[in-house]
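This report describes the fold, the helix packing and the charged side-chain pairs of one protein chain. Please keep the sequence and the coordinates at hand while reading.

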Amino acid sequence: MKRMIPLLLALALLAGCGGKEAKTADPQEIVDAYLESQAFSDHLEALDSDIALPLLGIDPEDVSDSQVYLSEGATAEELTVITAVDGDAAERVNEALSQHVADQRTAVESYQPGEVEKLDNAVRRTAGNVVVLMVAADWEFAAGIDGILS
C-alpha cells in the first residue's frame, strides 16, 4: 500500500483532466510522486537542464520545462520529465531519449551487466507534450505511470 500512495496522489491530482482533451501532467508533480516511491534502488540527484539536455541529446529549443534526475551512484537509474514546446518537439525529445537509453545500454553492458535489465525495461511515455523516461529497479512500478499519462 505504501508504494501505491504516490501513484494514487498523482492520479488524484489529475482527476479533473477528463473529457476529450489529451491528458498531460505537471512535470514536477510526476517527479515528486516517483522520487518518493520505491521504484529506484539508488538516490537520484537533480541535474541542471543546461547540463542534462545536451547529455540526453535534446535540443533546448524543443523544451519549455525539464526535470532530470540521475543516479548518484553507479547505476543507470534516472527519471526524466520533459515538457516539449509542441507535438513535433515532443517526438524529437522522445527519439533523443530512446537513443540515450540505447547509448547507455551499450556503455554499461560490458562493465555493469546488472544495469542492462533496467535499461531494457526503461519506461518511456508521451502524453501531449510531456515526455517521461524512467530507468528504475522496479520498472513494473514505474510503468504505473500509464495510469497518469494516457
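The sections below go from the overall layout to single helices, one strand residue and the salt bridges.

## Overall layout

The structure is a predicted model, and its chain holds 6 helices and 5 strands, which follow one another from the N terminus in the order α-α-β-α-β-β-α-α-β-β-α. Of the 150 residues in the protein, 41% are buried. The accessible surface amounts to about 7,700 Å², and carbon and sulfur atoms account for 50% of that area.

When contacts are restricted to residues at least 6 apart in sequence, 60% of them join residues that are at least 24 apart.

## Helix H4 and its packing

Helix H4 covers residues 87–108, and its geometry can be checked against a simple expectation: at 1.5 Å a residue its 22 residues should span 32 Å, which agrees with the 32 Å between its end C-alpha atoms. At the N-terminal end, H4 is capped by aspartate 86, of which a side-chain oxygen lies 3.1 Å from the backbone nitrogen of aspartate 88.

The buried residues of H4 are Ala89, Ala90, Val93, Ala96, Leu97, His100, Val101 and Val108, and because they cover an arc of only 145° around the axis, they sit on the same side of the helix. An α-helix has 3.6 residues a turn, so residues three or four places apart point the same way. Glu95 and Thr106, on the other side of H4, are exposed. The packing partners of the buried residues of H4 are helix H3 (49–56), S2, S3, H5, strand S4 (123–127) and strand S5 (130–135).

## Helix H2 and glutamine 67

In helix H2, which comprises residues 27–35, the residues Pro27, Ile30, Val31, Ala33 and Tyr34 are buried. Viewed down the axis of H2, these buried residues fall within an arc of 165°, so they line one face of the helix.

Two of the H2 residues just named, Pro27 and Val31, are also in contact with glutamine 67, a residue of strand S2 (residues 63–71). Is glutamine 67 buried or exposed? Its relative accessibility is 17%, and it therefore counts as buried, since the cut-off for burial is under 20%. Leaving aside neighbours within four places in sequence, the contacts of glutamine 67 also include Gln28, Leu79, Thr80 and Val81.

## Salt bridges

The count of salt bridges comes to 5. In one of them, lysine 118 pairs with glutamate 77, with 3.0 Å between the closest N and O atoms. Lysine 118 belongs to helix H5 (residues 113–120), whereas glutamate 77 is in the loop between S2 and strand S3 (78–84), so the pair ties together parts that are 41 residues apart in sequence. Both partners are buried, lysine 118 with a relative accessible area of 9% and glutamate 77 with one of 2%.

Arginine 105 takes part in two pairings: with glutamate 109 the N to O distance is 2.8 Å, and with aspartate 120 the closest N and O atoms are 2.5 Å apart. The latter pair links distant parts of the chain, with aspartate 120 in helix H5 and arginine 105 in helix H4, 15 residues apart. These three side chains belong to partly exposed residues, with relative accessible areas of 29% for arginine 105, 38% for glutamate 109 and 45% for aspartate 120. Elsewhere, salt bridges that share partners join Glu77, Glu115 and Lys118 into one network.

Notes. Residues numbered from 1 in each chain as written. Predicted model: local features only at pLDDT ≥ 70, side-chain atom pairs only at ≥ 80, totals over all residues. Heavy atoms only, no water. Buried < 20%, exposed > 50% of the residue type's maximum accessible area, 1.4 Å probe, protein only. Helix = DSSP H or I, 4+ residues; strand = E, 2+ residues; numbered from the N terminus. Arc of directions from axis to C-beta. Contact = heavy atoms within 4.5 Å. Salt bridge = Lys/Arg side-chain N within 4 Å of Asp/Glu carboxyl O. Areas by Shrake-Rupley, 256 points an atom, 1.4 Å probe, with all protein chains shown as cover. Expected span 1.5 Å × (residues − 1). Polar contact = N/O pair within 3.5 Å; in protein donor to acceptor, adjacent residues only side chain to side chain.
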